[in-house]
Amino acid sequence: MASTDIDNFEPDVIICGGGTAACIIAGRLARGNPTLNVLLIEAGENSYLVPEVIQPGSYLHQQSGSRLKNYPSIPSEHLRGKSIVVPQGHGLGGGSAVNFLMYTRASASDFDDWQTPGWTYSDLLPLLKKLETCYFSSGLTHGTWGPIAVSYGGESEANIVRDSKAAVKAIGYDYVQDAQDMNTGNAYSRWAKYVDPVSGHRQDTSHRYLHPLLASGKPNIKVLYSTQVTRILLDSSNTAVGVECVPSHSNAFSSSTPPPPKTIPAKKLVIASCGSIATPGLLERSGIGRKEVLEKAGIEHLVDLPGVGENYQDHNLIFNTYEVEEKVDTHDAFFLKTSSILCSAESDFKQGKGKYATNFVDFAGKIRPTEEAVSKMGAFKHQWESYYKNKPDKPVVLQAIVNCLLGDHSKFPQGMKFISYGNYTAYAASRGSVHVMGKNVYEAPRFDSGYLSAPEDLPMLVWGYKQGREVCRRMRCIVGEIPELNPPFDSQSKAAAQRHFERGDGWDVDKVQNIEYSEEDEKVIEEWIRENVRTAWHPLGTCAMRAKEQGGVVDKDLRVYGTSNLMVADMSICPENVGSNTNNTAMLVGEKAAVLAARFLGVEID
């Protein structure tokens, strides 16, 4: 096990996992209480000043690296037999160190919908403000002096910003200065990023909360790297008294037998913070969960909590691709690691500017359909009436333009430039599950993504695809569609992908007509979505904070039912989804958990 020296370290608090929320909890507790010993155990590697972590523009290069652990789902009939692969952060900082850096906040009603005392929007807004320093908006819901800087980054693509604004106005949507006020649910905007506007550095929680303490040699905070917690130890009264852990395996998953575990006692508190896919497994290996699941896995059943590993939720994502004009400064050459581009980017990054100082996402939106559109959305109509209609802050779909091809460039002529247009559901109705198959921490869990199993979800993605297509057809800098990366419409269909948009000298963005789709076209889109849908990297819900009789795993104080001195603190506690990228909510969970842990321990935090 790689670590700082812990041989003579006696932790009061052990945090299992070193992800987004965990780094905040550890940092807050250790900074505010010099006599409180905190040990954080992370399965991945250290992240301190690693170039690929601190450089925002390197996030795509990390998608196939060791800082992500890929969890494959079982094949699904709803996806034509396809398996979904969901990556999770695997290194200090977790998802905040590898994600797309999109600053997207939940809707106010999302938190109120959780119906949990202490977790309403009004309860949580002070913490949301506490965690950030917002440089792009002075709105009253934003923070001004927090550890996480939010800005437009060190570079933006002017053509995309200009043309997207004109396009969304032409189809009847607002283009606002701040879509992250937690009340806007139907508008597009220039999109901010978790990037410091001076240094250009990524704002991950390991660097903003934890590394300063570690670098200063603060004696009451230690980190074990490359170490997996096999189980949490419970005494005869189901009080958490420590953990067992082993060195992480070199592969994501393995059937090999782990070495004998090391036991580390915890004097006061154990916090599980391994993420929405791994935390349920940690609880189950510790004897906490559904009796039938544990008996099948050969694990002694100690605490009956049938909700562990259930209620899996994610945002379902599709991308389609367009070619753009030569003048558009995309990140295709950067993504391909063209030496001259990288050299220039490295020089610019020293001043906090250039391609390393951005996530190349300058435009996005949170949008809702019109009543006319809803009337054509089949199974979604009931959900609209019961869930969305009277909550205008809730988007149905989120959209974003990534200024490059998210795919194989070798299939296209050298030098082509692209944008990828993403659509993802905000509140998918489908639910999945994740459970251990046995005691071995190295083995993969049985993971059912549940994607598109609820009939309400597919119409949302169909509508989102069409809506995004209308935006792109009205952006002058977009040359045309890439047929191979769009639904395979019949060549004679009015909906067939246009390799080159027809635009004469008198072309007017306000006079572009919407595409007409036949019933056969609709079926083509639906089939294409089933075959191409992917994760948005936003899993949550598998250790839900709700009443035990409703499938809950933790109470309002994040304490695991039926145990003492044991908390869960990551996105698995969210009982329902949030209409946003989940990094901001994960940080919020970390801030709230730090408050709750301090209250339990009888200490103060800064």
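## Contacts around Ser572

Two residues are taken to be in contact here if they have heavy atoms within 4.5 Å of each other. By that criterion, and not counting residues up to four places away in sequence, Ser572 in this predicted model touches Ser276, Thr279, Leu540, Gly541, Thr542, Cys543 and Ala544. Ser572 itself is found in the loop between strand E25 (566-568) and helix H15, a helix that spans residues 583-601.

The relative accessibility of Ser572 is 0%, and because buried means under 20%, the residue counts as buried. Met545 is 27 residues away from Ser572 in sequence, while the C-alpha to C-alpha separation of the two is 8.5 Å.

## Met182 and helix H4

A second loop residue, Met182, has its place between strand E8 (174-176) and strand E9 (187-190), and with a relative accessibility of 1% it likewise counts as buried. Leaving aside neighbours within four places in sequence, Met182 is in contact with Arg105, Ala106, Ser107, Ala108, Phe111, Tyr121, Leu125, Leu128 and Asp393. For one of these contacts, Tyr121, the separation from Met182 is 61 residues in sequence and 9.4 Å in space, C-alpha to C-alpha.

Tyr121, Leu125 and Leu128 also appear among the buried residues of helix H4 (residues 121-130), where Leu124 and Leu127 are buried as well. The cover over the buried residues of H4 includes helix H3 (108-113), strand E6 (132-134) and H15.

## Strand pairing

Strands E11, E12 and E13 form, in that order, an open sheet of three strands with antiparallel pairing. Its edge strands, each of which pairs on one side only, are E11 (227-234) and E13 (262-265), and neighbouring strands of the sheet are turned by 30° against each other on average, direction ignored. Between E11 and strand E12 (residues 240-247), which run antiparallel, there are seven bridges; at one position Thr227 stands opposite Pro247 in E12.

A parallel arrangement is found elsewhere, where four bridges join strand E2 (residues 13-16) to strand E3, and where Ile14 has Leu39 in E3 as its bridge partner. Strand E3 (residues 38-41) is covered on both faces, with Val38 and Leu40 buried on one side and Leu39 and Ile41 buried on the other.

## Nonpolar cores

In soluble globular proteins, nonpolar side chains tend to be buried together. The largest nonpolar core of this model has 78 residues, of which Ile232 and Leu558 touch the most other members. Helix H15 (residues 583-601) gives the most to this core, contributing nine residues. Apart from this core lies another, of 59 residues, which has Ile367, Met377, Trp384 and Met460 among its members.

The surroundings of Ile232 can be listed in full: not counting residues up to four places away in sequence, Ile232 touches Cys16, Ala240, Gly242, Val243, Val270, Ala272, Leu282, Leu283, Ser286 and Leu566.

## Aromatic pairs and charges over rings

The structure holds 24 aromatic pairs. In one of them, the rings of Phe334 and Tyr356 have centres 5.0 Å apart and planes at 80°, so the pair is edge-to-face. This pair links distant parts of the chain, 22 residues apart, with Phe334 in helix H9 (residues 332-335) and Tyr356 in the loop between helix H10 (339-349) and strand E18 (363-367); both residues are buried. Phe334 and Tyr356 also belong to one aromatic cluster together with Tyr59, Phe100, Phe349, Phe360 and Trp537.

Another pair is formed by Tyr465 and Trp528, whose ring centres are 5.6 Å apart and whose planes lie at 55°, so the pair is tilted. It too links distant parts of the chain, 63 residues apart, with Tyr465 in helix H13 (residues 457-473) and Trp528 in helix H14 (residues 519-532), and both Tyr465 and Trp528 are buried. As for charges over rings, the charged end of Lys466 sits over the ring of Tyr517 at 4.9 Å from its centre, and Arg503 lies over the face of Trp507 at 4.7 Å from the ring centre.

Key: Residues numbered from 1 in each chain as written. Predicted model: local features only at pLDDT ≥ 70, side-chain atom pairs only at ≥ 80, totals over all residues. Heavy atoms only, no water. Pairing = 2+ DSSP bridges. Helix = DSSP H or I, 4+ residues; strand = E, 2+ residues; numbered from the N terminus. Axes fitted to C-alpha atoms, helices over the stretch in contact; angles between N-to-C directions. Buried < 20%, exposed > 50% of the residue type's maximum accessible area, 1.4 Å probe, protein only. Core = buried A, V, L, I, M, F, W, Y, C linked by side-chain atoms within 4.5 Å. Phe/Tyr/Trp six-rings, centres within 6.5 Å; stacked < 30°, edge-to-face > 60°. Lys NZ or Arg CZ within 6 Å of the ring centre and 35° of its normal.
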